[in-house]
Each structure stands twice: as structure tokens, then as C-alpha cells.
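Good morning, colleagues. Please look at the sequence and the structure on the screen, and I shall then take you through several of its features.

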Amino acid sequence: MRIPLSRFLIEQQRESKTLDPNLRLLIEVVARACKAIAIAIGKGNLGDAMGTAGTDNVQGEVQKKLDVISNEILLDANEWGGHLAAMASEEMDLPFCIPNRYPKGEYLLVFDPLDGSSNIDVNISVGTIFSVLRAPEGIDCANGDAFLQKGCTQVAAGYAVYGPNTQLVLTFGHGVHVFTLDREIGTFRLTQENLQIPEDTREFAINMSNQRHWEEPVQRYVAELLAGKEGPRGEDFNMRWVASMVADVHRILSRGGLFMYPLDAKMAKQGGKLRLLYEANPMAFLIEQAGGAATTGRERILDLQPTSLHQRVPVILGSKNEVERVTSYHKD
Ligand code: AHG
Ligand code: MN
Ligand code: MN
Ligand code: MN
């Protein structure tokens, strides 16, 4: 335990065939970029990275300066190493092609450079989410089709959470491992191996202000939780909502729970709130690897065939038995 990320990756590479030198480099580079993002965030109002950038992203959200800076940090860190064929991000309309002056690699990197950016100005935890896919042979990087792969094909996924301490949570499809940033030496060190989520929970996370827009199965499920000991569940449930997916998912990976951003009437046209390729898929991969479950209410998230780069989907994830219950209500 407490070994540096580099040693962990080298040992994984020796033991498994799934982690090759280029994937190891990719993860090291992403981790280094996350350290740079953590430093930019950590300066707060003493730096010049707070506030809005004065631009909107492709989904019509107002970009914070830190959304743009985090995106640039990840692009700059990853473009030259020869491990990637292309990158895509929440903050870019189209994929980023590796410039011709650099060699091209066999992986694709997709990311949400700064998740929970509405929380940045009030000093609440935010994060970076990423997903690694294999690049199809001879891809045309300019159109985003190469990225439209099912979540179950991800070769790695993870996130960094910038909270009271900075942590990196990773999976290569063989369990979930947590690294904590040792600020004195500037290195991520292994602090938890093979994380497992309890199958049962009495804690849920949902934005209750959307209640009037939810579909019937979610209305029914949450009403049962709110009824507490006197209701059909016979237990009191507690609610938490940070409004940074990374922070909410991190709590669930740490102690169990249920997270929902379900389909609602307001979001029906766009398919949901959260983005499939760089929010739902990487988080679903981590949650399943920790023994939890992740569905849209109707289908397993990792089985969805993506149809566009910035596609949105409903997300229900966390402790297995609760996810299965909400999902079964959708089938009733
Ligand atoms: P992002 O900041 O990357 O655009 O993501 C925001 C997402 C996610 O982090 C969070 O779970 C959700 O939006 C919060 O939504 P509400 O503002 O509706 O609570
Ligand atoms: Mn956003
Ligand atoms: Mn996000
Ligand atoms: Mn974001």
C-alpha cells in the first residue's frame, strides 16, 4: 500500500496483458494533468482562473475559465506522447486530432475536464472524468464516429476529485483503485485497492427540484424512500446532493448509496442531463467494477450504443440492490 502510481502501473503491466506501455504512459500523463488542474483550482481567488470565460460550450452551457483551462491542460499534456489517436471533450464541439508533427497512437481519450464547474466559485469539490477507448484502424479523427463505442469496450476509466484532498480513482477492468495526492512530493500514492460498494444502502442522491418533471417509476421510488419507517421500505433514508457528479459518485464508491439523474419531462428531448461518453460510461465502468450497478432505468449503461459525441442519457447508479429496484419499477 501507499506505493506511487508509477510503481502500481509498472506492476500491473508486468502481471496483466491488458496494461501495455502506451496505456501506462497515457494514465501517467492524465494523472500529471490532473495535478496541474488541482494546482490551478487550489489557488482559488488568489489566482486569475476564477469566473466565467465569456463563452458557451457546444451544449449551450456557460464555460467557466477553469473549464477552458482544464481542457487545455489535458490537451497539451496528451498531444505529444504518441499514445493517442484523438481526444474528445465536453468543452469541444468536435474531436481534437493529434497534430501531424507527433506520432499517433492506438488509444482514444474522452474527458469531462472539469465536472461540477458550477460549484467552483463556492469552493465545493469538483473533478475530472476520463474514459479510454481503443482507436479503430485507420480512423478519420475529424468526424467523431471512432468514439461511438459501447461503454463495455472501455479499456480504462477514472476520475480525479479535487476536494479537501485530491484523489485519483482508476479502473482497467480489474477492480477499482484509489490514489491520494501526496502534496509534499507531488505524487499520487495508492491508498485503497479493490474498492467494493455495499449492495444495500439507505442514502440517495437526486436533484429534488426536478421532482415535478420525473417519470412515474422515479416518483414512486423516491416517494417510498421519503415515507421512511412508516412507508413500504420500513426504513428512514438520508439524502445527499453535491451537484458535482464526481463528488456524489466518490461518496457512493466510498460508502455506498444511490445516484440518480433520471429522465424527466424537461430533459426528455435531449435524452437526459449527463453525457454518455465522458460522464455516464466512465462512472458506470467504475461502479460496476466496484460491485455496483448502473442503468438508465431501462438498460445497462455500458450496453448503450452511442449515436453522437455529446449524447445525453438518464443515469441511475450505485449500490446494486437499489439500482435493481428502481430499474424494476421502470419495467412494471
Ligand atoms: P459539468 O459541470 O461537467 O457540466 O457537469 C454538471 C453535472 C454533474 O456534475 C452534476 O451531477 C449535475 O450536472 C448537477 O446538476 P444540477 O445543477 O441539476 O444539480
Ligand atoms: Mn459543463
Ligand atoms: Mn460533468
Ligand atoms: Mn464539465
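In which strand is Asp112 found? Asp112 belongs to strand β5, which comprises residues 107–115. Please bear in mind that what you see is a predicted model.

I begin with the surroundings of this residue. Asp112 has 28 C-beta neighbours inside 10 Å; the threshold for a buried residue is 20 or more, so Asp112 counts as buried. Setting aside residues up to four places away in sequence, Asp112 touches Glu90, Thr128, Ile129, Tyr278 and Glu279.

The contact with Glu90 leads to the annotation. In an unreviewed UniProt entry, the label "binding site" is attached to Glu90, Asp112 and Leu114. These positions are spread over 25 residues of sequence, yet they cluster in space, with a largest C-alpha distance of 8.9 Å.

Where does Glu90 lie? Glu90 is in the loop between β3, residues 84–89, and β4, residues 96–97. Glu90 has 26 C-beta neighbours inside 10 Å and therefore counts as buried. Once neighbours within four places in sequence are left aside, the contacts of Glu90 are Asn57, Asp112, Pro113, Arg275 and Tyr278. Tyr278 thus appears in the contacts of Glu90 and in those of Asp112.

Next, helix α6, which spans residues 276–289. This helix is mostly covered, with 14 of its 14 residues buried. Just after α6, Gly291 adopts a positive phi of about 90°.

I turn now to the ligand. Which residues are closest to ligand 1? Ligand 1 is surrounded by 13 residues, and the closest are Asp115, Ser117, Asn207, Ala243 and Met245. By residue class, the shell consists of three nonpolar, five polar and five charged residues. Why does ligand 1 lie between two domains? Both domain 1, residues 5–192, and domain 2, residues 203–331, contribute residues to the shell, so ligand 1 is placed between them.

Finally, a sheet. Five strands make up an open sheet with mixed pairing, in the order β12-β11-β13-β17-β15. The edges are occupied by β12, residues 238–239, and β15, residues 293–295; each has a single partner strand, so one side of each is without a neighbour in the sheet. Strand β11, residues 203–205, runs parallel to β12 and is joined to it by two bridges. In this pairing, Glu203 stands opposite Asn238 of β12.

To close, I return to the ligand: the shell of ligand 1 draws on domain 1 and domain 2. Thank you for your attention.

Conventions: Residues numbered from 1 in each chain as written. Chains lettered and ligands numbered in written order. Predicted model: local features only at pLDDT ≥ 70, side-chain atom pairs only at ≥ 80, totals over all residues. Near = placed C-beta within 6 Å. Nonpolar A, V, L, I, M, F, W, Y, C, P; charged D, E, K, R; others polar. Domains from an automatic or database assignment. Pairing = 2+ DSSP bridges. Helix = DSSP H or I, 4+ residues; strand = E, 2+ residues; numbered from the N terminus. UniProt positions renumbered as here; feature names shortened; annotations may be inferred. Buried ≥ 20, exposed ≤ 12 C-beta atoms within 10 Å, placed from the backbone. Contact = placed C-beta atoms within 7 Å.
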